[in-house]
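Please open the model in your viewer and keep the selection tool at hand, as this tour moves from an enclosed space to pairs of rings and then to charges placed over rings.

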Amino acid sequence: MSISSKSKIWRMLWRVTKFTLLGLFLVLLTGIGAVFGYAMSITKDLKPIDLKPLSALSATTFIYDRNQQLLGQSVSDGNRIPIKNLSDVSHWIVDAFISGEDKTFYSNIGIDPMAILRSAYDDFISHQVVTGASTISQQTIKTVYFPDFYKQTRDLHTKIQEAIMAIEMNRSLSKDQIMTDYLNWVYFGKSKSGINLYGIQSASKAIFGIPADQVNVAQAALLASLPNNPANLNPFRNLKGALDRQHYILTQMKEDGYISKQQFADAMNFDIKKSLVKEDPIKTVTGVHPYLIPEIEQRAAEDIVSTAQYDPSKKAGALAEAKQALDSGGYKVYTTIDLNEQNAMEDVLSDNKNFPSKTKITVKDPSTGKDVKESLEVGTTLIDNKTGGILAVGGGRSWKEDQNNHTLLPRQPGSSMKPLAVYGPAVEQKIIFPGEGIDDVPFSYPGTDQYPQNWDHQYRGWVSARVALAESYDVPALKLFQQLTPKVGLSYVKQMGITTLTPNDYNLPAGIGGLYRGLTVEENTSAYTTFANQGIHKDSYLIDHIVDREGNVVYSHQPEQTRVFSPQTAFILTDMMKDVVHSRIGTAYRIGSYFPKKPIAGKTGTTNSEKDIWFIGYTPDVTLGVWEGYDIPYPLKDAHNQLSVWKAIMDKIYPLIPNQTNQFPPAPAGVQKAEVFFPSGKLPTELDQQYNQLNKQYTSRFGSMIVNDWFTTDKLPTEQGDMVVNVKYSEIGGKNYFIADPNVPVGDSVKEGVFIKTEPYKPLKDGPNYSPPWDYQWETPETTGADENSAVSSPEDLKAAASANNNQINLTWSNVQGADGYVVWRADGSGQYQIISNVLSQPDYVDKNTAGGSSYSYKVSSVKGDSLQLSGNAATGATGGVSGNNTNTGNIPTGLAVSTGPAGYQLAWNPVQGAQSYNIYRSLDGGITYLLIGSSNINTYDDTQALGNAQPIYYVTAETATGESAPSLPESVAGSSDMPAGK
């Protein structure tokens, strides 16, 4: 190529390069101009920087109670230990931060101009900052002047604000002063026990256990790595991540000339893990109220986030940043806590005298399979009924032993669930009122063979709803919940602020506290305030308002309330739950006996095997909830100690309540009392009155069945009931059999009495059979009489024939299809028939208890269920001779004695020589009529059928070769009877 050609090419390349450089220069000028103009628009209203906040390390976040008493301060902010100057720290720390965060720190003007241009480019191109290069000066400005990080959006606007203030700060302060401020304010994450760390001195002592001026190169580099991402680079939780960042900083320090190759190698080989603290030296920084203060910090951060404007994409990190802002921003957090009441509660919980001794156990941890030691724990919450404000919190007995806040851990609520899910909703739905009854008899969960039991494994027949709640019977509550339906019942529970219910809870066991997760102490306590507030639930809350360092209110609680129950329902439930406390049958009577003149209502709760125990009690002013149990559920030594704890706390709280209300609100309009027979819930009849006398005779514990109790006025009973009926019956073998024939006259064997029409008690087919309810013997089917035996005829072809060898009469009759058995009646010369046999399975009978030369008339009843169908025709039989079988006076048993045994009455007498067997007769009407109840081959007999009846009287005869002897002298358990034997 010629020289002239090469010259032309070079001239062409120069022109292109010249114009390109000119264009780039113009673009650069345009960009700088745009940035400058943008900066001017942002800063035109900016005031000169105030340097006071840089040294305002004492402006910690303080926490106050509802009376503006100092409750505490932010745990982490209180832990900040300021340094006075850089001589308080190792020079390796300063070097490490410069290499890792701001290489031009000592030469820049407070900003990195290239970083600003990169931010501008990112903002113009992608409308967000992709890269970041904040200097130490800018980071200090951001930490001190913009503590509400969650409000910041990382755009050019923010970067320019920081930059201008950083430049101004560098004009006013020396570089060492700026570095000192930075090291005092920077956040290092959490200590080993979870305490937030601010400032280099606190971080050094909490992480390595040494002052900041004693750290080596490796330790300094690790400390300098943490502010980059304090959550993810925590050396106690992610040592690998922290070391990766440390290695980067060490490399930068070597390249920047701060350390030699040998120092680099030594630092890389240093065992950081071994130098970390084993025990957190600042763990005691929590000071007083260790369960309370962290919860206040958590909720305060949540409350601030709830009102802040932040980028939705950063919502996940907003809470952490809000906590950081609270820890270092000089806020004042005003709570609902009453400091005096909080101290009183903590005093009770920390006093071992309020708990059973020797409650530490060893139990297997289900998550690890290893044995662990557990201590009895407690959770308590005190709430102001009128506002919903939490007055005091007891998270546990000892923070040192157990850091779980037990007010916030869901546990099985047991019977404390009944007013919330069952009785409250059932009264609101007008399904039941306290003066109406529920039949406490066995029933199974639908579709299963599981039979729920009451806590004492007994059934009681008809009980009023008031008594069922006071005694905390499970079976009546479950039957009522089944009628109400879990869907309806739990819908009310959710309205009372309960958030822990799951889809698995919509079943019958939920009504008595069988929940998938359970309830927290705070939410359970809050739910009960609904009854004290005339049916209105006010959400519980802990933070009243928050003020920033300039005095601006950044958060204020906005009350929320829900009408759950009518005032009428709330009044009725409170009246019922007063009996839980103040009635002698109430499960919390221990509370009522200690505070006899205080208006208190509430409910106990105990789970299966007594692994969780509760008492939620309320006064007109406050509600206090107490739970006790182990972290790993285990049966408790004292299943009633929660009442002792409640009593001990309220004993201290009562004097602290200002302007105490001395009684619950009076009955609202719309409720009225009415006298009813509670099984029917209707106006009592004369027969109801008679049945009530039986109730008083057998179950005086429950009082009268005719009660005067509350109803809503639209459900006041206006009609009399028909549950109690007058029925003819005979008692055979300790069981009542109803006479289907209305024409049978009342006599010795036929009685007339009152019975209640109800579903008959049926022992469980599978599972344990406990004592039947007291009233099972007075139950009668809904259709007593002919309808009961419509398919069973009376016996026919009755024949009676006297024996040729002795004075006995043999009876036979035709078999009756469908009959369960037969009963023989006999009349002597008086013409009155008496039952002389037990229920027979075969159509024949031998009457041995006869007198020689006597004539008798016989009838036979067929037995079906609980009823007798008496035959219309009679058969007559006569004995021959004069030596009747009751003339063997020499063979009469003597020495009859009756005593009470474990299962009935025990009889014993002197043996009779030549006796083949003995016949035992019993009278239940004071010796007027005796019935044969059994025989024995020995001189003892156990009567297991008479317990619960009127006092029985017995006599015994001996069967010898010559027949049945005359009767012995009659005897009762109290001694010899003056009544004659036989009639």
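Select the lining of the second largest cavity, which by class has 5 nonpolar, 3 polar and 3 charged residues; here Ala, Val, Leu, Ile, Met, Phe, Trp, Tyr, Cys and Pro count as nonpolar, Asp, Glu, Lys and Arg as charged, and the others, Gly among them, as polar. The model is predicted, with local features needing pLDDT of at least 70 and side-chain atom pairs counting only at pLDDT 80 or more, while totals for chains, interfaces and linings use all residues. Residues are numbered from 1 along each chain as its sequence is written, and side-chain values use heavy atoms, with hydrogens and water left out.

The residues to pick are Leu292, Glu295, Arg299, Thr381, Ile390, Val393, Asn405, Thr407, Leu408, Glu522 and Leu542. A cavity is a set of points on a 1 Å grid over the protein atoms alone where a 1.4 Å probe fits but cannot get out, and lining residues have an atom within 4 Å of a point. The volume of this second largest cavity is about 60 Å³, taken as the space filled by probe spheres set on the points, with grid points joined across faces, edges and corners. Colour α13 (292-307) and β9 (390-394), each of which supplies at least two lining residues; the largest share, 3 residues, comes from α13. Helices (H or I, at least four residues) and strands (E, at least two) are DSSP runs, numbered from the N terminus.

Turn next to the aromatic rings, where the count comes to 24 aromatic pairs; rings of Phe, Tyr and Trp (its six-membered ring) pair if their centres lie within 6.5 Å, and planes over 60 degrees apart count as edge-to-face, under 30 as stacked and the rest as tilted. Select tyrosine 618 and phenylalanine 664, an edge-to-face pair at 5.7 Å centre to centre with 75° between the planes. Tyrosine 618 lies in strand β17 (residues 612-618) and phenylalanine 664 in the loop between α23 (641-653) and β19 (671-677), so that the pair links parts of the chain 46 residues apart. Both tyrosine 618 and phenylalanine 664 are buried, meaning under 20% relative accessible area with a 1.4 Å probe and protein chains only.

Now select Tyr594, Phe595, Phe615, Trp646 and Tyr654, which form one aromatic cluster. Adding lysine 647 shows its charged end over the ring of tyrosine 594, 4.2 Å from the ring centre; a charge sits over a ring if NZ of Lys or CZ of Arg is within 6 Å of the ring centre and within 35 degrees of the ring normal. Finish at lysine 175, whose charged end sits over the ring of phenylalanine 105, 4.8 Å from its centre.

Technical notes
1 Å grid on protein atoms, 1.4 Å probe; cavity = no way out; pocket = protein on both sides within 12 Å on 5 of 7 lines; lining within 4 Å. Buried < 20%, exposed > 50% of the residue type's maximum accessible area, 1.4 Å probe, protein only.
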